[in-house]
4 protein chains.
Amino acid sequence: MPKIVDKEAKKMEILNAAMQVFAHKGVVKTKIIDIATTAGVGKGTIYEYFRSKEEIFTSAYTYFSKTMESMVQEALSKEDDPLKQLELILTISLDAFVHIGEEFADIMMEFWAEGIRNKNQDILDVINLKGVYSNYRKMIQKILKKGIEKGVFKPMDTKSTASVLIGALDGVMLQWIMDRKAINLRKVSVVLLDSFIEGIRKRE
Amino acid sequence: MPKIVDKEAKKMEILNAAMQVFAHKGVVKTKIIDIATTAGVGKGTIYEYFRSKEEIFTSAYTYFSKTMESMVQEALSKEDDPLKQLELILTISLDAFVHIGEEFADIMMEFWAEGIRNKNQDILDVINLKGVYSNYRKMIQKILKKGIEKGVFKPMDTKSTASVLIGALDGVMLQWIMDRKAINLRKVSVVLLDSFIEGIRKRE
Amino acid sequence: MPKIVDKEAKKMEILNAAMQVFAHKGVVKTKIIDIATTAGVGKGTIYEYFRSKEEIFTSAYTYFSKTMESMVQEALSKEDDPLKQLELILTISLDAFVHIGEEFADIMMEFWAEGIRNKNQDILDVINLKGVYSNYRKMIQKILKKGIEKGVFKPMDTKSTASVLIGALDGVMLQWIMDRKAINLRKVSVVLLDSFIEGIRKRE
Amino acid sequence: MPKIVDKEAKKMEILNAAMQVFAHKGVVKTKIIDIATTAGVGKGTIYEYFRSKEEIFTSAYTYFSKTMESMVQEALSKEDDPLKQLELILTISLDAFVHIGEEFADIMMEFWAEGIRNKNQDILDVINLKGVYSNYRKMIQKILKKGIEKGVFKPMDTKSTASVLIGALDGVMLQWIMDRKAINLRKVSVVLLDSFIEGIRKRE
DNA sequence: TATGAATGAGCATTCATTCAT
DNA sequence: TATGAATGAATGCTCATTCAT
């Protein structure tokens with residue numbers, strides 16, 4: 001039993017090391033030896049915990065996306081007003097980016113890039129960006145629908161609007177990643193809420 | 001006298017082949033031999049027209065971004081109304097995506113992914129996504145400012161708004177790329193204009 | 001615990017294999033796979049011990065020239081008479097050639113050829129034939145000067161004489177390498193001492 | 001008939017170009033395209049006159065050694081005194097080196113290096129350094145023998161002495177090639193004659 | 001005859017993975 | 001269990017040579 005805990009802990013250590021290196025060098029340029037060195041173990045040890053380099057990558061992604069998702073879900077459950085929920089999603093996502101800072105923002109970009117790259121292929125099942133987006137859209141759609149029902153939002157094509165909102169969010173993060181100095185995420189966040197949500201809110 | 005060949009035309013043929021393969025397999029997984037085979041030439045021939053694999057990639061990018069840019073610029077020059085110009089940028093960009101279709105949309109994602117991946121490094125100067133975004137933002141900012149002056153748009157933080165608009169555009173394309181069946185670009189385009197631009201338009 | 005290997009010893013094994021192949025096929029025609037096969041290891045293993053093919057070559061040269069130099073230096077330190085010292089240099093050098101036999105004589109020629117070939121370029125710093133000759137000349141010049149002071153040799157242009165002596169030595173070795181059957185190094189050695197040294201010895 | 005002359009002349013032009021490039025870059029680093037460019041012809045044209053790169057090299061060598069040999073032979077035929085003949089060989093050889101200067105001295109080193117390198121193999125028959133040395137030795141031996149008969153030289157092992165003389169000559173050239181500034185060929189020439197030949201001259 | 005476009009054999013090097021210890 | 005020494009498949013690129021024009 002304690003053995004299992006050890007194993008699991010060490011696996012996480014290696015995973016953490018891997019994520020650091022992925023973020024720093026990019027997935028393709030990351031070598032097993034880099035991960036091993038960063039984790040402070042031997043090259044061979046890596047293979048005691050992961051079957052392959054690819055498995056390390058997918059494990060990292062899974063870990064990352066699960067963490068993200070639970071953060072959002074938890075926050076949403078505490079709030080009932082659709083408008084506030086929308087704000088929350090924006091805020092949490094952007095905050096996550098700002099707070100997790102350098103390292104994790106970079107690795108998220110790596111996941112993204114790799115997910116795009118492999119969309120027709122291999123890793124597909126794990127880095128299921130398609131599914132992630134689909135879920136996100138559905139989640140937001142639900143909020144939008146509820147908002148319309150409640151008379152908070154004006155009638156709209158909820159699916160397309162969800163896409164636009166997610167798109168705006170992602171795209172803004174992307175720009176921030178590309179050029180942090182040029183983008184003030186806080187300001188952008190306000191604008192996104194004020195102008196965009198303004199556009200979908202019902203007026204009397 | 002040697003065989004007479006339109007070097008420029010053949011270079012384009014190889015470039016086209018390369019773009020196909022890049023789009024299909026991703027830049028990293030694309031091997032020179034793949035490009036050669038697709039182009040219907042020998043491995044060595046590639047190097048008669050390009051110095052290296054990287055040069056092929058950057059050439060493809062340059063070709064692509066020049067084409068894109070000139071399309072947008074040309075359209076903008078024919079229109080003077082800020083609102084219409086904004087619409088044009090959206091429309092052209094999304095249209096380009098829709099019309100260039102499968103192949104080119106895929107390779108554009110490759111450029112994107114590669115640009116993100118290398119943002120701190122090598123190819124940087126060619127795949128200057130940072131610069132591209134900066135230019136885009138400035139272009140849109142100019143339109144927004146003119147619109148505010150003309151009283152078409154309400155006062156706003158033009159820089160942040162530009163970021164949000166570009167973000168929304170990119171993000172929407174990204175989702176479309178990921179899952180074409182789930183996204184109706186035409187509808188999304190309308191929503192983006194209606195709801196978002198609605199949010200920044202001045203009301204009496 | 002991993003396999004324990006005497007890294008230094010194995011490096012020498014590979015170096016020995018490399019020297020054999022260099023001597024047999026010449027540096028340029030020697031392929032890494034040849035060295036690997038001769039050493040009885042895999043291609044990749046070579047790179048566990050040497051950074052590149054060039055490093056293998058320069059390592060071999062360094063090893064060789066250090067061995068040679070220490071042999072000469074040690075012998076000289078035990079003898080004080082200039083005439084005897086000159087004899088020693090000749091004898092040791094020629095003996096070295098004769099004793100190290102087939103393999104090493106051949107690879108020394110390889111070093112020579114490669115040193116000549118690259119005299120204006122790359123390897124220059126390691127295969128510093130220019131420096132080697134310069135040192136050799138100085139060493140002999142010192143002996144000659146001491147001999148003149150002691151009244152053993154007649155006055156002469158010591159620098160040019162040193163060059164001639166080294167030249168004779170090298171040239172004789174070269175001919176022996178080219179055609180061992182035609183040259184009796186032992187006899188030549190005697191002639192070189194008798195006739196040449198005879199020419200510079202002071203007569204009453 | 002005139003065609004043949006043209007052919008021959010062009011072949012020589014290419015050969016000259018080749019020799020220049022060989023001298024400048026070394027045989028291995030010389031590419032066919034370099035020779036073609038230097039000769040001012042197309043790459044394919046080279047193969048109208050030579051079967052392969054190797055044939056160019058061997059042709060160059062043959063041309064070079066024939067020229068050298070005839071220079072020495074011609075000079076020797078005009079002189080009957082063994083001592084003077086020995087002087088002539090030294091002088092002509094060293095002069096040749098000095099006069100042909102940069103370019104040809106370099107290519108001669110290339111021939112030498114390549115001859116050494118391939119002594120067990122391929123080009124063997126053309127770059128027959130072994131044969132060249134053998135001939136040289138015989139030529140000098142003949143002079144020495146004649147000198148002994150005439151009572152000009154003291155009795156000696158003529159073969160070994162010839163080897164030493166050739167060796168001295170070659171070795172001195174080699175040093176000059178390696179480091180022209182350090183070696184004054186004129187002075188060395190005098191020393192070689194004065195001291196070495198002094199050693200073999202008969203005294204009353 | 002002259003040419004250079006086309007070619008592919010050949011090679012140094014990298015790195016994920018294996019496995020003896 | 002932990003390790004790192006060993007490995008060879010895989011790949012970008014070079015360049016002598018061929019051959020259609």
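Start by selecting Gly40(D): this glycine comes right after helix H2(D), and its phi is positive, near 75 degrees. Helices here are DSSP runs of H or I with at least four residues, numbered from the N terminus. A word on what is loaded: this is a predicted model, in which local features need pLDDT of at least 70, side-chain atom pairs count only at pLDDT 80 or more, and totals for chains, interfaces and linings use all residues. Residues are numbered from 1 along each chain as its sequence is written, chains are lettered from A and ligands numbered from 1 in the order in which they are written, and side-chain values use heavy atoms, with hydrogens and water left out.

Now step back into H2(D), residues 32-39, and colour its buried positions: Ile32(D), Asp34(D), Ile35(D), Ala36(D) and Ala39(D). Buried stands for under 20% relative accessible area, with a 1.4 Å probe and protein chains only.

Next, show chains C and D together. A turn of 178 degrees with a shift of 0.0 Å along the axis lays chain D on chain C with an RMSD of 0.5 Å (least squares on the C-alpha atoms of residues with pLDDT of at least 70 in both). The two copies are thus related as by a two-fold rotation axis. To find that axis in chain D, pick Ala168(D): its C-alpha is the nearest one, 1.6 Å away. The copies meet through the same surface, because 100% of the interface residues of chain D are also interface residues in chain C.

Stay there and select helix H8 of chain C (residues 185-200) with helix H7 of chain D (residues 158-178). Their axes, lines fitted to C-alpha atoms over the stretch in contact, come within 9 Å and cross at roughly 70 degrees. That makes H8(C) roughly perpendicular to H7(D), a term for angles of 65 to 115 degrees. Show side chains for the contact (heavy atoms within 4.5 Å): Lys187(C), Val188(C), Val191(C) and Leu192(C) on H8(C), and Ser160(D), Thr161(D), Ser163(D) and Val164(D) on H7(D). By class, these residues are four nonpolar, three polar and one charged.

Finally, move to the other pair. Chain B can be laid on chain A with an RMSD of 0.5 Å, by a turn of 178 degrees and a shift of 0.1 Å along the axis. Select Ser160(B), found in helix H7 of chain B. Is this serine buried or exposed? Ser160(B) counts as buried, at 6% relative accessibility. Leaving aside residues up to four places away in sequence, Ser160(B) touches Lys187(A), Val188(A) and Val191(A).

Terms used
Buried means under 20% relative accessible area, exposed over 50%, partly exposed in between (1.4 Å probe, protein chains only). Helices (H or I, at least four residues) and strands (E, at least two) are DSSP runs, numbered from the N terminus. Axes are lines fitted to C-alpha atoms, for helices over the stretch in contact, and angles run from 0 to 180 degrees between N-to-C directions. Angles under 35 degrees count as roughly parallel, over 145 as roughly antiparallel, 65 to 115 as roughly perpendicular and the rest as oblique. Ala, Val, Leu, Ile, Met, Phe, Trp, Tyr, Cys and Pro count as nonpolar, Asp, Glu, Lys and Arg as charged, and the others, Gly among them, as polar.
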